[in-house]
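Here is a short briefing to read alongside the model. Take a moment to turn the structure around, and then let's walk through it together.

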Amino acid sequence: MSLGLVQHGPSPQMRGDMTELKQTLLEAALVHVVFDGWSDAVLVAAAQDCNVSLPEAKALFPRGGVDLALAFHAWGDQQMIERLQAADLGAMRVREKITFAVRTRLEVSADHKEAVRRGTTLFSLPIHAADGARAIWQTCDAIW
């Protein structure tokens, strides 16, 4: 049953393409984060590596490095959720499930220690503290 609402924004196909492009840019950015942190310079370098125009990259990550860092954090949460869904949690008590989820989230990020360290530094700055707190609470929500 249609409510007769006009669909605004990109089509589902376009959103899928944008999600794939965001993932590609994020993966390319991880190489540069080691040297430049989560900065606009990383977004520029990732866009160049992926042959994506800077306006396209800025459209996907309007705040540059901050949005890249938040996308990286969200990627980690998604990886954790996928691993938790694949695990047999039925026999565990609540405390064990939470411990397992937290350990899983830490393991997901273990291969990207420098990106995590740089993100921690970025989100400890007063101007980005609210973004960092929101990201951590989203992880907590995903665990629960």
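Which residues lie nearest the centre of the largest pocket? They are His73, Arg105, Val116, Thr120 and Ile136, from a lining of 19 residues. Please keep in mind that this is a predicted model. The protein chain has seven helices and zero strands, and the pockets, the core and a few individual residues are taken in turn below.

**Overall fold**

- From the N terminus on, the elements of the chain run α-α-α-α-α-α-α.
- The chain has 144 residues, and 32% of them are buried.
- If we look at contacts between residues at least 6 apart in sequence, 65% of them join residues at least 24 apart.

**The largest pocket**

- This pocket holds about 460 Å³ of space.
- Four helices each supply at least two residues of its lining: H4 (65–86), H5 (94–109), H6 (113–123) and H7 (129–143).
- H7 gives the most to this lining, with six residues.
- By class, the lining has twelve nonpolar residues, six polar ones and one charged one.
- Arg105 is among the residues nearest the centre of this pocket, and Arg105 is also in contact with Gly76.

**The second largest pocket**

- Here the space comes to about 180 Å³.
- The lining is made of Thr19, Lys22, Gln23, Leu26, Ala71, Ala74, Trp75 and Gln78.
- Helix H1 (12–36) and H4 each supply at least two of these lining residues.
- Four of the lining residues are nonpolar, three are polar and one is charged.
- H4 therefore takes part in both pockets, as it supplies at least two residues to the lining of the largest one and at least two to the lining of the second largest, with the grouping into helices following DSSP runs.

**The nonpolar core**

- In soluble globular proteins, nonpolar side chains tend to be buried together.
- The largest nonpolar core of this model has 23 residues, and Leu25, Trp38, Phe61 and Leu68 touch the most other members.
- H1, H2 (40–49), H3 (54–60), H4 and H6 each supply at least two residues of this core.
- H1 provides the largest share of the core, with six residues.
- Setting aside residues up to four places away in sequence, Leu25 touches Ala46, Ala47, Cys50, Val52, Ala57, Leu60 and Phe61.
- Two of those partners, Ala46 and Ala47, are among the buried residues of H2, together with Val42, Leu43 and Ala45.

**Two histidines and a glycine**

- His32 is found in H1, and His32 counts as buried because its relative accessibility is 18%, under the 20% cut-off.
- Beyond its neighbours within four places in sequence, His32 is in contact with Gly37, Val42, Ala45, Ala46 and Asp49.
- His128 sits in the loop between H6 and H7, and with a relative accessible area of 14% His128 is buried too.
- The contacts of His128, not counting residues up to four places away in sequence, are Val66, Leu122 and Phe123.
- Gly76 belongs to H4 and is buried, at 1% relative accessibility.
- Gly76 touches Arg105 and Val108, leaving aside its neighbours within four places in sequence.
- The C-alpha atoms of Gly76 and Thr104 are separated by 9.8 Å, and these two residues are 28 apart along the chain.

**A residue with positive phi**

- Most residues other than glycine have a negative phi.
- What phi does Asn51 have, although it is not a glycine? The value is positive, about 55°.
- Asn51 comes just after H2, in the loop between H2 and H3.
- With a relative accessible area of 73%, Asn51 is exposed, because this value is over the 50% cut-off.

**Cysteines**

- A disulfide is a covalent bond between the sulfur atoms of two cysteines.
- How many disulfides does a search of the whole structure find? The count is zero.
- Cys50 is partly exposed, at 23% relative accessibility.
- Cys140 is likewise partly exposed, with a relative accessible area of 26%.
- Cys50 is also one of the residues that Leu25 touches.

How values were computed. Residues numbered from 1 in each chain as written. Predicted model: local features only at pLDDT ≥ 70, side-chain atom pairs only at ≥ 80, totals over all residues. Heavy atoms only, no water. 1 Å grid on protein atoms, 1.4 Å probe; cavity = no way out; pocket = protein on both sides within 12 Å on 5 of 7 lines; lining within 4 Å. Points joined across faces, edges and corners; volume = space filled by probe spheres on them. Nonpolar A, V, L, I, M, F, W, Y, C, P; charged D, E, K, R; others polar. Buried < 20%, exposed > 50% of the residue type's maximum accessible area, 1.4 Å probe, protein only. Contact = heavy atoms within 4.5 Å. Core = buried A, V, L, I, M, F, W, Y, C linked by side-chain atoms within 4.5 Å. Disulfide = S-S within 2.5 Å.
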